[in-house]
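Hi,

Here is the structure I promised to pass on to you. Have a look at it first, and then read my notes below.

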Amino acid sequence: METEAVSKGFTTLYGTEPEGVWQAPGRVNVIGEHTDYNDGFMLPIALPHAARVAAARRDDGLLRLHSVQSPDSVTEVVVADLAPGSVEGWAAYPAGVVWALREAGHQVAGADLYLDSDVPTGAGLSSSAALECAVATAYNDLHGLALTPRQLAVLAQRAENAFVGVPCGILDQLASSCCAEGAALFVDARSLDTRQVPLDLAAQGLVLLVIDTEVKHAHADGAYAERRAGCERSAELLGVPALRDVPYDGLDAALARLPEGELRSLTRHIVTEDARVERVIALLDAGDLRGIGPILTEGHASMRDDFAISCAETDLAVDTAVAAGALGARMTGGGFGGSVIVLAERADADRITAAVTDAFAARGWKTPRAFTAVPAAGARRLI
Ligand code: ADP
Ligand code: MG
């Protein structure tokens, strides 16, 4: 069993028993892309894929880190010396969490951490937040901090923003911390209020496929920062705190007040995307799961045409899936590659996957990896 493998791996490496094993999942976002840093809405589910951490406190102030997925042996840092820029590479994610806890005024000791994750990295499935939230949850328990999942998510985001140096929104960490099994998580990024929205696809004969294109275009980070800056500029020009404050029925009037071109397109995506989240939630609350399909596909068109964050691979996967009978499909995650989600009748799933595989093969592209996503639980202690 995976939990025992992580625990045994810890013991083999460090020569002692861990005090426990914790895990935090990756996520896919059903709808609501790039809305988090616009104070808007989103609707992620947690994946069964997760990062697991076996951990034990140390009383000498040392933090030792090992990941099964990294060729490094053990990274060793002194907790008291942690500062942005002091840790390079993957170890900055878990070390950043310890730093963020300390910065928030919590008494945190050193620890031995042994990490093992089956969340694919860089696939738009949030392997980084899984790592952070697993460590945050472990520290919360080991030090009896009694922080809520939401507070842990905020600290994990702070770690990624200020310690690792990635300007991500709160979506990934909130999803990894706060999701519940069998439900999607409605998030209001301004208040950080969340609501569990039951999502029992199987009961209605449906599946949500995740198709990982295994493509990550190199300019993704810079493009993210540009989109973010464009959204902030638009809000400033419109005189609102964030684009979330532009009402859907006031969209045309708002667009007319912006210069023609990019700022209009960015604003149109965010405002229509917030509206799509609300439409999807209304349908889910009414039990009309099939009804959300076309809204997902509409969301993809908005990311492709207005926000300009899709790419040939994700567009092909979406178009092929829809042509093969999917109820709806869209790229999920930050963009420029990564994964596509497909809502489909269970009976159509294999045919749709085969159609996408064939379409990729016809272009000489690598076979994408497909799996079925069932809403899983958020971060928790395993043993
Ligand atoms: P995503 O979160 O969408 O998977 P990111 O670029 O945000 O993509 O995060 C990926 C990075 O997170 C990796 O490059 C690596 O530094 C780190 N990471 C994630 N999972 C692991 C792991 N199991 N072991 C080591 N590093 C990991
Ligand atoms: Mg990430």
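Let's start with the largest cavity: its lining is made up of seven nonpolar residues, with no polar and no charged ones. You can pick them out by number: V30, L199, L201, L208, I292, L296 and L343. The space in there comes to about 40 Å³, and the structure has just one cavity of 30 Å³ or more. Before you go further, keep in mind that this is a predicted model, so please read every value here as computed from that model.

Next, the largest pocket. About 990 Å³ of space lies in it. It is lined by 43 residues, and the ones closest to its centre are G122, S128, E160, D172 and K216. If you'd rather find your way by helices and strands, the elements that each give two or more residues to this lining are β6 (110–117), α3, α5 (171–178), α6 (220–238) and β11 (337–345). What kinds of residues line the largest pocket? They divide into 14 nonpolar, 21 polar and eight charged, so have a look at that mix on your screen.

Now for the ligand. Where does ligand 1 sit? You'll find it in the largest pocket. It has 15 residues around it, and S67, Q69, G122, S127 and S128 are the closest. In that shell, nine residues are polar, five are nonpolar and one is charged. Helix α3, which runs over residues 127–142, provides the largest share of the shell, with three residues.

A few atom pairs are worth zooming in on:

- S67: one of its polar side-chain atoms is 2.6 Å from a nitrogen atom of ligand 1.
- Q69: an N or O atom in its side chain is 3.0 Å from a nitrogen atom of ligand 1.
- S128: here a polar side-chain atom lies 3.0 Å from an oxygen atom of ligand 1.

And how much of ligand 1 does the protein cover? On its own, ligand 1 has 560 Å² of accessible area, and the protein covers 77% of that.

If you'd like a place to begin, try S128: this residue is among those closest to the centre of the largest pocket, and it is also one of the closest to ligand 1.

Cheers

Definitions and conventions. Residues are numbered from 1 along each chain as its sequence is written. Chains are lettered from A and ligands numbered from 1 in the order in which they are written. This is a predicted model: local features need pLDDT of at least 70, side-chain atom pairs count only at pLDDT 80 or more; totals for chains, interfaces and linings use all residues. Side-chain values use heavy atoms; hydrogens and water are left out. A residue is near a molecule or strand if one of its heavy atoms lies within 4 Å of it. A polar contact is a pair of N or O atoms within 3.5 Å; within protein, one must be able to donate a hydrogen and the other to accept it, and residues adjacent in sequence count only if both atoms are side-chain atoms. Accessible areas come from the Shrake-Rupley method with a 1.4 Å probe; for residues, only the protein chains shown count as cover. On a 1 Å grid over the protein atoms alone, a cavity is a set of points where a 1.4 Å probe fits but cannot get out, and a pocket is an open set with protein on both sides within 12 Å along at least five of seven lines; lining residues have an atom within 4 Å of a point. A molecule sits in a cavity or pocket if more than half of its atoms lie within 2 Å of its grid points. Helices (H or I, at least four residues) and strands (E, at least two) are DSSP runs, numbered from the N terminus. Grid points are joined across faces, edges and corners, and a volume is the space filled by probe spheres set on the points.
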